[in-house]
Amino acid sequence: MRPEAGPRAAAAAPTNPSVEDELGHLVVGSGAMATAQAAARRTKTTVTRSLEVKPTFSSIAAVYFFNGRGDVLIQRLYRDGVDHASIPAWYRTHVLNASLAAVKFRGYGGTGRDGGRKPIVLLPNGDAMLTYRPGNSDVAVVAVTSSNANCMMILQFLVGLVGLVQSYCDGKFHEEIVKGNFVLILELLDDTLDHGYPQLTDPALAKAFIYQKSKSSFLDKLGGSSGEREKRKKELQAQASTMQVTGAVGWRKDGSVKYKKNEVYLDVTESVSVLMSSNGDVLSADVNGRITMRSCLSGMPEVKLGLVVNSGGASVPADHAHDSNQTAGCSVKGVTFHPCVNLGRYNESQILSFVPPDGEFELAKYRVTEGIHLPFKATTLMTEQGRTRIDVTVKIRSEYASNVSTARCVVLIPVPMQTARAKFQLSAGKAVYDPQRNALVWKIKKFAGAAEHTLVATVELISTAKERSGTNRAPMSLHFQLPNLCVSGAQVSQLQVWEKSGYTVDKWVRWNTRSGVYEIRM
């Protein structure tokens, strides 16, 4: 019989607290208990699924090599979910054609410093395309990802991939090199990307696994049959794999490197980027440093390098760069080291201790944001005299010592597109109007320290009916190189080389400062 429905039956029926919680305090009778429990299970399942976090991947779905016309030279696909057939057309439309069309300079219609090219482009289907093209190269490397990936990691991988290809191809990277070495590049892509996840791109480590023709010819010189040479090749690969697993020095083998004259060259290159107001006030400044070393050392040497960043913020000539009496205090950020550096010893004594790879390699990179002594300060004044004339006055003062001078200095002063001609009064150098850049180009061959130079220009314009906007002016830019100077205050306190044979080493340290994005508002 069906149970009696009524208040007594409803009161006697047991209630399920979990059902009440899930269904909004719904009181269920005993006859509907099965239905309520099923609804609770469905509701609980829905709540559980809504709390699940969808995994995100920072992987690369595909890598493409495009030439200057947008044709695919090499492609390597790693993941599904990307419309690979449409990538070449999207590259030509959203990257190549967009960079050619974006030639309007800010305010005056010239070419910007990036040429209008965007390194990251979002495609119509939601995917992201990341592009890297080295300077003076007609080949662009493109990575495509369909997830919310780490863009800087992917761009850094693309830079490392190009450097890896260049290390195998004698420093060259253009269309003919890519076409002639496509088998090698595909092998590099297989080893540097694991299912779309970037791996090591260090050339010294990659050459222990991937053999170029020169490596094969070396094995041929050893003699023996083809089977014996293949056996020796596998033994070398096994040794390299063992060194990677055990953490041993994989970038240098004991007894394999010998030199008649042992030398080590250290280059410290700093790129200074500045934004100033028209009256010379510094709005932002930073220095990106790069330390490279060329090792010509026999055996298994151990190198100790002491790098001190001075807190005084003074420019340090190279002949005083070994003074270790300064204290560290600048705001140094983003310090990265080569894998050969012993980080444990560096954390204890602030001394770089390492067994260097043979040849040239990048030892460290750093960034300084405070305590920077700027090499140049400038003031600008641009006055419009009606619609057909502009008066420009620029004063540049060098802030480094008088015994230092630039190897070159070029100043670009943007002017309107309708400029007809310009007349100059200069204290040094030569100046011309370049219609292709829409700028006055002021070249100073040798800018000595503690000096000031002035440019006064009268710019004649073609009369137009359209009013010009004087508020949207592009900044003036400086391009220079300063040998034997460091603006961050970084100093090499010591450079020692020890090897068990006790040979003598010639050590050379060279400093160089160059302009990054050095701009002064007009």
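The legends below describe close-up views of a predicted model.

**View 1. The whole chain contains eleven helices and 25 strands.** Of its 522 residues, 41% are buried. Among contacts with a separation of 6 or more, 71% join residues 24 or more positions apart. The exposed area of the protein chain is about 28300 Å², and 51% of that area is supplied by carbon and sulfur atoms.

**View 2. The largest nonpolar core has 65 residues.** F354 and Y518 have the most contacts inside this core. Strand β8, residues 263–276, contributes six residues, the largest share. Apart from this core lies another, of 31 residues, which includes A128, L155, L161 and I177.

**View 3. Y518 is shown with its contacts from elsewhere in the sequence.** With neighbours within four places in sequence left aside, Y518 is in contact with V272, V274 and M276, and also with L374, P375 and F376. Its other contacts are M476, S477, L478 and F480.

**View 4. Five strands form an open, antiparallel sheet.** The order across the sheet is β2-β1-β5-β4-β3. β2 and β3 are the edge strands, each of which pairs on one side only. From one strand to the next, the twist averages 20°. Within the sheet, five bridges join β1 to β5 (residues 140–145) in the antiparallel sense; F65 has V141 in β5 as its bridge partner. Helix α5 packs on the sheet and touches β1, β3, β4 and β5, with its direction at about 35° to that of β4. Helix α7 also packs on the sheet, where it touches β1 and β2, and its direction makes about 30° with that of β2.

**View 5. Helix α7 spans residues 182–192 and carries buried residues.** L184, I185, L188, L189 and T192 are buried. Seen down the axis of α7, the buried residues fall within an arc of 140°, so they line one face of the helix. An α-helix has 3.6 residues a turn, so residues three or four places apart point the same way. The buried residues of α7 pack against strands β1 (62–66), β2 (72–77), β6 (193–194) and β7 (197–198), and against helices α5 (151–168) and α6 (175–180).

**View 6. D127 sits in the loop between β3 and β4.** The two strands cover residues 120–122 and 128–132. D127 counts as buried because its relative accessibility is 5%, against a cut-off of under 20%. Not counting residues up to four places away in sequence, D127 touches G81, V82 and D83, then V121 and L122, and also V144, T145 and S146.

**View 7. Strand β16 pairs with β15 and with β21.** β15 (residues 376–384) and β16 (residues 389–398) are antiparallel and share nine bridges. They form a hairpin with four residues between the strands, and G386 in the turn has a positive phi of about 75°. E384 has I390 in β16 as its bridge partner. β16 also runs antiparallel to β21 (residues 452–461), joined to that strand by nine bridges. Here I390 stands opposite V459 in β21. Strands of a sheet pair through backbone hydrogen bonds, either parallel or antiparallel.

**View 8. R294 lies in strand β9, residues 282–296.** R294 counts as partly exposed because its relative accessibility is 37%. R294 and D358 are 64 residues apart in sequence, and their C-alpha atoms are 7.6 Å apart in space. Apart from neighbours within four places in sequence, R294 is in contact with E263, V264 and Y265, as well as G359 and E360.

**View 9. D170 and Q350 each have a positive phi without being glycine.** Most residues other than glycine have a negative phi. D170, with a phi of about 60°, is in the loop between α5 and α6. This residue counts as exposed because its relative accessibility is 70%. Q350 has a phi near 60° and is found in the loop between α11 (343–349) and β13 (351–354). Q350 is partly exposed, with a relative accessible area of 43%.

Note on methods. Residues are numbered from 1 along each chain as its sequence is written. This is a predicted model: local features need pLDDT of at least 70, side-chain atom pairs count only at pLDDT 80 or more; totals for chains, interfaces and linings use all residues. Side-chain values use heavy atoms; hydrogens and water are left out. Two strands pair if DSSP finds at least two bridges between them. Buried means under 20% relative accessible area, exposed over 50%, partly exposed in between (1.4 Å probe, protein chains only). Contact means heavy atoms within 4.5 Å. Accessible areas come from the Shrake-Rupley method with a 1.4 Å probe; for residues, only the protein chains shown count as cover. A nonpolar core is a set of buried Ala, Val, Leu, Ile, Met, Phe, Trp, Tyr and Cys residues joined through side-chain atoms within 4.5 Å. The arc is that of the directions from the helix axis to the C-beta atoms. Axes are lines fitted to C-alpha atoms, for helices over the stretch in contact, and angles run from 0 to 180 degrees between N-to-C directions.
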